[in-house]
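Visitor: I should like to learn how features of a protein model are read. Could you take me through one structure, feature by feature?

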Amino acid sequence: FNHKRSTVYPLGGVVAIGPTDIPGTDPFRFGATNLAEILPGCDGDVSSLEGGHVFERVKGSHRSDGAELFQWLVQGANHNFFNTIWTDDDARFAPATDLDSACAPTGDDSVRLSRPGQRAIGLGLINGFIRGFGGGEEAYLPGLRSGTLAEAACTATAPLPCDQRIRPSWIAPAGQRRLVLSPSGRAATRRNSLGGGISSRGLKLDWCNPFEVRWLKQKRRCPGPRGGEESTVNRSWTRQLVVTWKRRSEVTTMIPAARRDVSRFSDLVFRASTTLSPLNPAVRSNLRAARSSQRMDIILTDRAGNRARAAAENFSHALDPPVGDRTRQMLLGDVTIPLTSFAGVDLERIRSVGLGFGVRGRRHGQVQIADLAFQGSSGAVLRRPGLATAHGPVPG
């Protein structure tokens with residue numbers, strides 16, 4: 001709209017709630033801005049969660065403009081209850097959600113949110129985004145990046161705690177992000193995003209490209225069902241590594257010498273999802289899915305050979321299995337590990353990042369992984385576009 005106007009409004013950010021998508025478009029092709037997407041896990045109106053495709057398409061573009069991107073998958077939320085005008089329970093419109101054990105309006109094993117509970121989450125996320133990027137209140141930014149909410153909002157989301165209900169993805173600006181591992185090109189399982197080598201031991205390493213729509217030919221189909229008339233299977237529309245293991249094993253990705261200093265970053269982040277493979281623990285209850293979470297290690301090795309490891313499941317619920325039996329949300333979510341958790345390694349000389357599997361009782365399994373990066377700032381304040389002139393219209 002701004003591009004067609006003689007007077008334009010500086011845009012500090014966009015919050016999209018249960019958005020749709022026009023395939024192939026870039027809504028920020030005339031300039032970047034901060035973007036936040038709320039994807040309802042029990043959306044009966046836009047059950048495909050197609051708006052999430054925009055997040056995946058623009059995450060690599062306009063990063064030099066200083067914009068930040070957020071995606072929050074909210075388990076148990078429908079499309080309508082975030083507002084007070086659309087009063088229908090749209091989850092009842094589609095068999096995939098109405099008959100799903102996790103999305104049913106009532107039931108002993110349902111994770112559905114009440115109308116007040118859903119609005120409390122919406123208010124926490126949307127209000128925090130507006131105050132952070134429109135009001136310049138830095139205190140809200142860590143909670144937006146992690147998907148955490150104020151305590152008052154969390155108390156209304158029973159029966160699941162907030163850290164299990166909200167699955168965040170955060171993409172920092174280019175100056176605060178060093179992408180290491182995100183499969184692309186023909187050498188997706190041999191070379192990382194920095195040009196370093198990838199090696200694996202004791203497991204099967206592959207990649208997939210989950211464009212699961214009828215009008216696009218999918219060349220590298222992701223494992224598991226596609227969904228159909230009575231079911232919905234949603235994935236993040238981005239290339240992903242597929243790791244399958246049946247014993248203790250490891251993937252190692254090397255860091256080129258010129259990119260080994262990661263001391264200015266605050267976290268190591270990767271996005272992950274547990275598949276529906278029978279190699280993964282069976283889910284006996286939607287409300288206790290965290291008990292069946294997959295487990296893996298992240299290992300940093302420096303130039304001197306010092307190694308430090310962190311257990312991914314201690315920092316995130318992204319490796320929890322999908323809940324429900326008809327609507328399966330296998331969207332990627334962040335596992336964010338502070339670099340301070342890797343004691344004893346030289347962060348100025350990191351030689352490799354390892355992913356360890358078959359640990360802590362999970363001898364076999366299958367997960368999908370993308371966007372492993374060093375991210376965040378250990379001290380500097382991120383610039384946010386739009387704030388300097390966000391006080392009214394200006395000549396175009």
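Visitor: Let us begin with contacts. Leaving aside neighbours within four places in sequence, which residues is H79 in contact with?

Guide: One must first recall that this is a predicted model. Once neighbours within four places in sequence are set aside, the contacts of H79 are I17, G18, P40, D43, D45, V46, W86 and D90. H79 itself is placed in the loop between β4 (69-74) and α2 (95-98). The C-alpha atoms of H79 and P19 are separated by 9.3 Å, although the two residues stand 60 residues apart along the chain.

Visitor: Is H79 buried or exposed?

Guide: H79 has a relative accessible area of 9%, and it therefore counts as buried, the limit for that class being under 20%.

Visitor: What share of the contacts in the chain joins residues 24 or more positions apart?

Guide: Among contacts with a separation of 6 or more, 77% are between residues 24 or more positions apart. As for the chain as a whole, it has six helices and 18 strands. Of its 396 residues, 52% are buried. Its accessible surface comes to about 17600 Å², and carbon and sulfur atoms account for 51% of that area.

Visitor: I should now like to turn to salt bridges. What is the general idea, and how many salt bridges does the count give here?

Guide: Side chains of opposite charge can pair when their charged atoms come close. In this model the count comes to 17 salt bridges. One of them joins D297 and R360, whose closest N and O atoms are 2.8 Å apart. This pair links distant parts of the chain, 63 residues apart: D297 belongs to strand β12 (residues 297-302), while R360 lies in the loop between β16 (350-357) and β17 (365-375).

Visitor: How do D297 and R360 stand with respect to the surface, buried or exposed?

Guide: The two partners fall into separate classes. D297 is buried because its relative accessible area is 3%. R360, with a relative accessible area of 37%, is partly exposed.

Visitor: Which residue forms a salt bridge with R349?

Guide: The partner of R349 is D346, and the closest N and O atoms of this pair are 3.0 Å apart. R349 has a relative accessible area of 40% and is partly exposed. D346, at 28% relative accessibility, also counts as partly exposed.

Visitor: Which residues are linked in a network of salt bridges?

Guide: The network links E56, K59, R271 and D371. Within it, K59 forms a salt bridge with E56, and their closest N and O atoms are 3.0 Å apart. Both K59 and E56 are buried. D371 is found in strand β17, and its relative accessibility of 3% is the reason why it counts as buried.

Visitor: What can be said of the backbone of D371 and of R360?

Guide: Phi of D371 is near 60 degrees, a positive value in a residue other than glycine. For R360, phi is near 50 degrees, again positive in a residue that is not glycine.

Visitor: My last topic is internal space. How is it found, and how many cavities of 30 Å³ or more does the structure hold?

Guide: Rolling a probe the size of a water molecule over the atoms shows where empty space is left. This structure holds four cavities of 30 Å³ or more. The largest contains about 90 Å³ of space. Its lining consists of Q75, L160, Q164, R167, N286, L287, A289, A290, H317, D320, P321 and V323. By class, these residues divide into six nonpolar, four polar and two charged.

Visitor: Which residues line the second largest cavity?

Guide: They are S48, L49, G52, H53, E56, Q71, N234, R235, S236, W237 and L331. Two elements give two or more residues to this lining, namely α1 (52-58) and β9 (231-235). The greatest contribution is that of α1, with three residues. The volume of the second largest cavity is about 50 Å³, and its lining has three nonpolar, six polar and two charged residues. E56 thus takes part in two of the features discussed: the lining of this cavity and the network of salt bridges.

Technical notes
Residues are numbered from 1 along each chain as its sequence is written. This is a predicted model: local features need pLDDT of at least 70, side-chain atom pairs count only at pLDDT 80 or more; totals for chains, interfaces and linings use all residues. Side-chain values use heavy atoms; hydrogens and water are left out. On a 1 Å grid over the protein atoms alone, a cavity is a set of points where a 1.4 Å probe fits but cannot get out, and a pocket is an open set with protein on both sides within 12 Å along at least five of seven lines; lining residues have an atom within 4 Å of a point. Grid points are joined across faces, edges and corners, and a volume is the space filled by probe spheres set on the points. Ala, Val, Leu, Ile, Met, Phe, Trp, Tyr, Cys and Pro count as nonpolar, Asp, Glu, Lys and Arg as charged, and the others, Gly among them, as polar. Helices (H or I, at least four residues) and strands (E, at least two) are DSSP runs, numbered from the N terminus. A salt bridge is a side-chain nitrogen of Lys or Arg within 4 Å of a carboxyl oxygen of Asp or Glu. Buried means under 20% relative accessible area, exposed over 50%, partly exposed in between (1.4 Å probe, protein chains only). Contact means heavy atoms within 4.5 Å. Accessible areas come from the Shrake-Rupley method with a 1.4 Å probe; for residues, only the protein chains shown count as cover.
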